[in-house]
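Q: I would like to learn how to read the features of a model such as this one, step by step. Could you take me through it?

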Amino acid sequence: MLVNMNAVLLPAKKEHYGVGLFNAVNLEMTNAIMDAAEKLRAPVIMGTAEILLGAADLKEVAAMVKARAESCPIPVVLHYDHGLTFEKCLEAIHAGFTSVMYDCSTEPYEENVRRVAQMVEIAHALGVTVEGELGHVGDNEGEGRLKNPSDYYTDPSVAADFVKRTHVDALAIAVGNAHGDYRFPPKLDFERITEIAESVDVPLVLHGGSGLSDADFKEAIKRGIAKINIFTDISKAQVKGMQEGIAAGVNNAFDLTEYEVRAIREVVEEKMTLFSSVGKA
Ligand SMILES: [Zn+2]
């Protein structure tokens with residue numbers, strides 16, 4: 001069934017487990033993620049992000065996910081990750097997304113508060129949850145790469161003010177995490193996660209989950225992370241599945257699908273197990 005983020009994150013926060021957000025930009029990903037969630041009875045968050053819309057647009061992703069989620073007993077959140085503009089967030093809500101992230105983390109603080117609070121007012125009136133970002137999670141490579149990432153870490157003393165004034169349902173934080181492949185082993189600031197968790201009452205979100213160690217995830221969840229974003233890992237798994245199929249002599253796309261779905265599903269199952277969300281749905 002389709003639900004908003006509160007339906008899966010509030011229990012996760014209370015019981016100290018993590019729920020994965022797995023972006024699904026094609027049907028192989030959609031089916032693999034849903035297969036894993038159903039098999040393991042794990043609540044799941046699926047969706048796409050603004051920078052991934054080239055693969056499938058908001059309506060296409062909504063149609064793919066809804067086709068599976070509506071007839072499924074597992075709670076599924078359809079979440080729009082890193083919405084960068086007001087218009088695209090509204091488009092997502094209109095397309096049936098049950099949750100949006102309005103990422104104004106590169107704006108000055110007061111502007112971030114103003115924009116996110118406005119989005120929350122609209123979204124909540126429609127039963128849609130909102131995630132905001134405080135501090136800024138950069139990329140490991142390319143234009144989004146930060147020179148001194150620690151300058152952009154979430155300030156625990158500001159987090160309470162941000163949540164109180166915006167009424168966000170979940171807060172993405174910057175604590176040494178980054179998007180894409182890590183070039184060096186990341187070092188998360190666990191103490192900061194604890195400090196933020198103690199100062200706000202909403203579930204915390206860790207972006208850039210692909211590439212963190214198992215121990216990192218466990219510690220981060222223990223300290224208050226309730227949602228973890230994974231994309232790079234499943235995107236690579238799909239390619240690995242394709243390569244395995246080709247190496248096994250498959251030479252047509254239809255037969256390759258099975259290899260792709262299996263490879264993605266294995267990664268999703270591994271993460272759900274690691275996050276302790278198995279059996280929670
Ligand atoms: Zn992110």
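A: Let us begin with a helix and its outward side, bearing in mind throughout that this is a predicted model. On one side of α8, D214 and A215 are exposed, whereas D216, F217, A220 and I221 of the same helix, which runs over residues 214–222, are buried. These buried residues cover an arc of only 125 degrees around the axis, which puts them on the same side of α8.

Q: Why do residues three or four places apart in a helix point the same way?
A: The general idea is that an α-helix has 3.6 residues a turn, so positions separated by three or four places share a direction. In this structure, the buried set of α8 includes F217 and I221.

Q: Against which elements do the buried residues of α8 pack, and which residue follows the helix?
A: The buried residues of α8 pack against α7 (190–199), β8 (204–206), β9 (225–230) and α10. The helix is followed by G224, whose phi is positive, near 130 degrees.

Q: How does the span of helix α5 agree with its number of residues?
A: At 1.5 Å a residue, the 17 residues of α5, numbered 109–125, should span 24 Å, and the C-alpha atoms at its ends are indeed 24 Å apart, so expectation and model agree.

Q: Which residues of α5 are buried, and which are exposed?
A: N112, V113, V116, M119, V120 and A123 are the buried residues of α5. They cover an arc of only 140 degrees around the axis, which puts them on the same side of the helix. On the other side of α5, E110, E111, E121 and A125 are exposed. The buried residues pack against α4 (86–95), β5 (99–102), β6 (129–134) and α6 (156–166), and the helix is followed by G127, whose phi is positive, near 80 degrees.

Q: Which residues of α6 are buried, and what covers them?
A: In α6 the buried residues are P156, A159, F162, V163 and T166. Seen down the axis of α6, they fall within an arc of 95 degrees, so they line one face of the helix. The face turned away from that buried side carries the exposed residues S157 and K164, while the cover over the buried residues of α6 includes α5, β6, β7 (170–173) and α7.

Q: How do the axes of α6 and α7 cross?
A: Their axes come within 8 Å and cross at roughly 35 degrees, and α6 passes α7 in a right-handed crossing. The contact is made by P156, A159 and A160 of α6 together with R192, E195, I196 and S199 of α7.

Q: Which residues have the most contacts inside the largest nonpolar core?
A: That core has 88 residues, and those with the most contacts inside it are I33, V44, V100 and L171. Its largest share, seven residues, comes from helix α10 (residues 253–274). To take one of the four, V100 touches Y80, G83, C89, A92, I93, A123, V128 and V130, not counting residues up to four places away in sequence.

Q: What sign does phi have in most residues other than glycine?
A: In most of them phi is negative. In this model, R41 has a phi near 50 degrees, a positive value in a residue other than glycine, and R41 lies in the loop between α2 (27–40) and β3 (44–49). Phi of S276 is likewise positive, near 65 degrees, and S276 is placed in the segment after α10. H167, which follows α6, also has a positive phi, near 65 degrees.

Q: Is A69 buried or exposed, and is N148 buried or exposed?
A: The reading rests on a count of C-beta neighbours inside 10 Å, with 20 or more needed for a residue to be called buried and 12 or fewer for exposed. A69, in helix α3 (residues 58–69), has 23 such neighbours and therefore counts as buried. A69 touches M1, L2, V76 and L78, not counting residues up to four places away in sequence. N148, in the loop between β6 and α6, has 8 C-beta neighbours inside 10 Å and therefore counts as exposed.

Notes:
Residues are numbered from 1 along each chain as its sequence is written. This is a predicted model: local features need pLDDT of at least 70, side-chain atom pairs count only at pLDDT 80 or more; totals for chains, interfaces and linings use all residues. Helices (H or I, at least four residues) and strands (E, at least two) are DSSP runs, numbered from the N terminus. The expected span of a helix is 1.5 Å times one less than its number of residues. The arc is that of the directions from the helix axis to the C-beta atoms. Two residues are in contact if their C-beta atoms, placed from the backbone, lie within 7 Å. A nonpolar core is a set of buried Ala, Val, Leu, Ile, Met, Phe, Trp, Tyr and Cys residues joined through C-beta atoms within 7 Å. Axes are lines fitted to C-alpha atoms, for helices over the stretch in contact, and angles run from 0 to 180 degrees between N-to-C directions. A crossing is left-handed if the near helix is turned anticlockwise from the far one by less than a right angle, and right-handed if clockwise.
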